[in-house]
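Me: I should like to go through the terms applied to this structure and see on what grounds each one is used.

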Amino acid sequence: IQAQGVSELRSVITRTTRKKMFEDITRAEGIIRASRLPYVILRPTRLTDGGPTQSTVAVDAKEAPPGPISRIDLARFVFRMLEKPGWERREVTVGSK
């Protein structure tokens, strides 16, 4: 019974912490959108430690998210994005096909 109580408490704390985290993210993104600065809000899917896959895809925030992405693929995507115009004031989710 005691272990079950600890598990339930951990679950409540985790839900509360995640809720607060997402509220903070939403508030921060609102501040960014309201600014005059150029920005890209980039939301990677679950990060993996895998190698490069060359299957990186970016979708609009309202589309279904792609699959997990390796850290190396995400880093390469960010560098490609910085080299090309047209990303300003966009919100995208990045993952793998």
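Me: What makes the seven residues a nonpolar core?
Reply: The largest nonpolar core consists of Ile69, Leu74, Phe77, Met81, Trp87, Val92 and Val94. The term denotes a set of buried Ala, Val, Leu, Ile, Met, Phe, Trp, Tyr and Cys residues joined through side-chain atoms within 4.5 Å. Helix H2 (71–83) and strand S5 (90–96) each contribute at least two residues, and the largest share, three residues, is from H2. Helices (H or I, at least four residues) and strands (E, at least two) are DSSP runs, numbered from the N terminus.

Me: On what kind of model does this rest?
Reply: This is a predicted model, in which local features need pLDDT of at least 70 and side-chain atom pairs count only at pLDDT 80 or more, while totals for chains, interfaces and linings use all residues. Residues are numbered from 1 along each chain as its sequence is written, and side-chain values use heavy atoms, with hydrogens and water left out. The mean pLDDT (the predictor's confidence in each residue, from 0 to 100) is 91 for the chain, and 94% of its residues reach 70 or more.

Me: Why is Ser70 called buried or exposed?
Reply: Buried means under 20% relative accessible area, exposed over 50%, and partly exposed in between (1.4 Å probe, protein chains only). Ser70 has a relative accessible area of 3%, and is therefore buried. This residue lies in strand S4. Leaving aside neighbours within four places in sequence, Ser70 is in contact (heavy atoms within 4.5 Å) with Thr48, Gly50, Gly51 and Pro52.

Me: How do you know that Lys19 and Glu23 form a salt bridge?
Reply: A salt bridge requires a side-chain nitrogen of Lys or Arg within 4 Å of a carboxyl oxygen of Asp or Glu. The N to O distance between Lys19 and Glu23 is 3.6 Å, so the pair qualifies. The two residues are four apart in helix H1, and therefore separated by about one helical turn. Lys19, at 55%, counts as exposed, whereas Glu23, at 38%, is partly exposed.

Me: What makes Asp60 and Arg90 a link between distant parts of the chain?
Reply: Their closest N and O atoms are 3.8 Å apart, which makes the pair a salt bridge. Asp60 belongs to strand S3 (residues 56–60) and Arg90 to strand S5, 30 residues apart. With relative accessibility of 39%, Asp60 counts as partly exposed; Arg90, at 29%, is also partly exposed.
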